[in-house]
Amino acid sequence: MEKNFPILYYHFIKAPSATTRIKGLYTTAKHFEWQLVQLIKKGFTFITFEDIALKRYDVNKLNMILTFDDGCESLYYKAFPILKKYGIKAVIYVVTGSIGARNIVWELNENKDPLNILTKEQLLEMTSYGIEIGSHLCNHVHLSQLPADEMKYELVESKRWLENELGKQIYSVAYPFGSYNNEVLKTATDTGYLFGVTTKSGNNLTAGDLELFRIPVKGYSLRHYWYFYKTFRNQLNIIN
Ligand SMILES: [Zn+2]
């Protein structure tokens, strides 16, 4: 697989609350739109893992994948309208055991903000537009810490559920907390995932298809305009 493309990595498209512990997971809609405009100006084309699997992209273009972890409803209300405005595709990783949940706090999630999770109807609307859905497991757990049978269940059952409910092939998995090991990689491959994304930072020229690197992006205060430039200049050498 041609790997000369960056994968960006967002969580929540909204402002952090006063009590938010990990503010770096938040990007306001205003920052998000500004970031996309910069990337469009640079000539990026936004593709999905399905595009790669079906060889439906141009290797000579500046390609990029936008990913969002955790599947919170701010993606539908804030990010989706912006993606549609610019005709951009993206990949959203959802936790199947929490679809449609209101005000939940995942036990293992260090960020204790209550989350509203995308509903099945919202996922269907977004997939019909061209947003790709990937697995973020059935539960938001550390895969490398689970017994083998539970680890396998998380990978198999989340993929099966999404394919059944959305009527689409699921190509990729995002490991919660970036937690994986060789056994996880083997099981993910056996389960039929073609791609896996981690929380390791960088580009992908040397990464395996099941352990792709990503670039975390944040933007909730003025200084993040500078942070965005710095991230791209240092890691990708693409913004002057
Ligand atoms: Zn997550």
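Helices here are runs assigned by DSSP, at least four residues in length, and they are numbered from the N terminus. With that in hand, let us walk through this predicted model, starting with the whole chain and ending at one helix.

The chain holds seven helices and ten strands. Its radius of gyration is 17 Å, close to the 18 Å that the globule rule gives for 240 residues, so the chain is as compact as a globular protein of that length. Along the principal axes, the C-alpha atoms fill a box of roughly 50 × 45 × 30 Å. How much of the chain is buried? Of the 240 residues, 43% count as buried. Sequence separation adds to the picture: among contacts between residues at least 6 apart in sequence, 63% join residues at least 24 apart.

Now let us turn to helix α3. This helix runs through residues 74–86, which makes 13 residues. From the first C-alpha to the last, α3 reaches 18 Å, close to the 18 Å expected at 1.5 Å a residue. There is a bend along the way: at F80 the helix turns by about 35 degrees, and a proline, P81, follows within four residues.

F80 is also one of the buried residues of α3, together with S74, L75, Y76, K78, A79 and L83. What do these buried residues pack against? Their partners are the strands β2 (12–13), β5 (62–69) and β6 (91–94), along with the helices α1 (29–41) and α4 (120–129).

Finally, look just past the end of the helix. Just after α3 comes G87, which takes a positive phi of about 65 degrees.

How values were computed. Residues are numbered from 1 along each chain as its sequence is written. This is a predicted model: local features need pLDDT of at least 70, side-chain atom pairs count only at pLDDT 80 or more; totals for chains, interfaces and linings use all residues. Helices (H or I, at least four residues) and strands (E, at least two) are DSSP runs, numbered from the N terminus. The radius of gyration is taken over C-alpha atoms; the globule rule is 2.2 Å times the number of residues to the power 0.38. A residue is buried if 20 or more other C-beta atoms lie within 10 Å of its own, exposed if 12 or fewer, and partly exposed in between; C-beta atoms are placed from the backbone. Two residues are in contact if their C-beta atoms, placed from the backbone, lie within 7 Å. The expected span of a helix is 1.5 Å times one less than its number of residues. The bend at a residue is the angle between axes fitted to the seven residues ending there and the seven starting there.
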